[in-house]
Amino acid sequence: MADPPAPSSDQPAPPSGRARLAVPVAPALSAIGLVIVAAASYVLIGGSLPTIATGGGPGGPGGPGGPVRTATPSNVVVVDPRTRIPGTLLYAKAGNIWVQSGEQARQLTDSGRDSMPAWSPDGATVYYVHTDPSTGTWVTLGQLRTYNLQIPTLMTVAADGSGQPQRVLKGQIKSSGNTWSYFIREPAISPDGRTAALISDGPDPTRSDIVLKLLNLGTKKLTDAGAPESQGLGHQDPAWSPDGKLLLYVKNAREGTRGTPQIMRYNPATGRSTVLTTGGYMTPSWSRDGRFIAATKTNSFGTDVVILDARNGTELLKLTNDELSFSPVWSPLMDSVAYFKLDHGVVDLWLIPLSGTGPNWTVGQPIALTVSAGLDAQSRPQWFIPADQLPALPTPTPALTLSPDASPSTSP
């Protein structure tokens with residue numbers, strides 16, 4: 001094992017010699033693209049964000065070359081007043097959590113160190129990850145060393161901005177007077193509000209990779225789901241099914257230097273994982289009826305948004321073809337999909353309308369929901385509409401009933 005970094009390093013070594021998950025990025029990305037991906041880091045570990053064209057003339061998948069765009073100031077999100085979409089959208093910008101409803105976007109937190117927001121089932125509360133810089137000491141290779149740490153905390157705050165944020169789980173461990181940290185990423189709250197799915201190496205990072213964990217929100221006990229991983233690359237992107245019986249996650253994998261992330265299906269009742277897709281899919285988002293999944297499809301040049309069959313992972317529809325789009329979220333009305341799009345270095349929120357009945361939708365023209373916002377790519381957008389504003393779902397036919405263990409079980 002290589003020698004750990006010097007004291008006070010910003011990239012601390014693992015406490016016990018166990019390798020913590022690296023943050024690799026596909027090598028095909030351009031230099032400027034790497035700057036953008038550095039912000040997205042682990043969330044997009046399995047594939048590659050689109051490159052950014054910087055030269056004159058045709059610039060590859062990013063379209064015509066040209067200067068990098070300038071985002072609006074950190075405390076400003078401009079919403080196109082023509083959008084008027086129902087419900088409330090949730091995202092992060094410049095390390096703060098924002099909510100967008102109607103023609104307005106409102107900043108919910110102001111620390112500059114917040115990310116990865118998620119709705120509570122009733123929409124009254126927002127969960128998110130807050131990170132504090134700190135220092136810690138740990139014995140590494142027989143020597144006591146000092147490290148700069150970034151300690152994450154899972155927080156909640158009222159969605160209307162009232163009251164003070166409350167701490168749920170702090171990613172910090174102490175042993176023999178020494179302090180270390182563990183990852184807390186991508187909270188997803190179960191439909192019954194009792195469990196948060198997390199990507200974490202806690203509560204003891206000396207014994208765990210960064211994988212799918214389940215946090216009991218009553219007892220605050222963090223449990224390893226026991227989901228299989230590939231080559232120690234860990235997991236990402238947990239997403240609960242609307243009925244709470246299944247949990248999708250992404251198993252990171254590689255073929256040579258190419259990322260091949262794979263969406264898996266986990267049954268909390270049995271602890272079994274089954275394969276949903278082939279390699280190249282991530283960031284799943286369920287439709288409210290549980291029949292469809294919006295996802296990011298990766299290739300060597302960038303990413304696009306697709307719709308999958310929730311029963312078997314079959315790709316039904318490709319919504320974008322720009323290799324610049326990622327992190328979709330279904331509208332609770334199931335009449336559109338919102339997603340992030342990278343345009344000359346600036347991430348904005350877009351929407352594609354869907355009319356008709358799936359899987360035979362008619363796809364409308366993309367609509368920009370924010371204008372030069374510069375949203376945080378590592379924090380996936382979320383969408384909430386109150387239940388009393390949603391139409392009743394049709395009764396599913398037996399052919400559309402999803403068995404929690406519909407495909408052969410995988411082994412670690």
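In this predicted model, Lys341 lies over the face of Trp350, 4.6 Å from the centre of the ring. The distance satisfies the criterion for a charge over a ring, because NZ of Lys has to be within 6 Å of the ring centre.

Aromatic rings also pair with one another, and the structure holds 6 such pairs. One of them is formed by Tyr147 and Trp180, with 5.2 Å centre to centre and 90° between the planes, an edge-to-face arrangement. Tyr147 belongs to strand 7 (residues 143-158) and Trp180 to strand 10 (residues 178-181), so this pair ties together parts that are 33 residues apart in sequence. Both Tyr147 and Trp180 are buried. Tyr147 and Trp180 are also members of a cluster, in which ring pairs link them with Trp138.

A pair of aromatic rings is described by the distance of the centres and the angle of the planes. For Trp330 and Trp361, the centres are 5.9 Å apart and the planes meet at 50°, so this pair is tilted. Trp330 is in strand 25 (residues 325-330), whereas Trp361 is in the loop between strand 27 (346-355) and strand 28 (362-363); the pair therefore ties together parts that are 31 residues apart in sequence. Trp330 and Trp361 are both buried.

A polar side chain is the last stop. Gln236 is located in strand 15 (residues 235-240). Its relative accessible area is 0%, so Gln236 counts as buried, the cut-off being under 20%. The side chain of Gln236 makes a polar contact of 3.4 Å with the side chain of Asn252.

Definitions and conventions. Residues are numbered from 1 along each chain as its sequence is written. This is a predicted model: local features need pLDDT of at least 70, side-chain atom pairs count only at pLDDT 80 or more; totals for chains, interfaces and linings use all residues. Side-chain values use heavy atoms; hydrogens and water are left out. Helices (H or I, at least four residues) and strands (E, at least two) are DSSP runs, numbered from the N terminus. Buried means under 20% relative accessible area, exposed over 50%, partly exposed in between (1.4 Å probe, protein chains only). A polar contact is a pair of N or O atoms within 3.5 Å; within protein, one must be able to donate a hydrogen and the other to accept it, and residues adjacent in sequence count only if both atoms are side-chain atoms. Rings of Phe, Tyr and Trp (its six-membered ring) pair if their centres lie within 6.5 Å; planes under 30 degrees apart count as stacked, over 60 as edge-to-face and the rest as tilted. A charge sits over a ring if NZ of Lys or CZ of Arg is within 6 Å of the ring centre and within 35 degrees of the ring normal.
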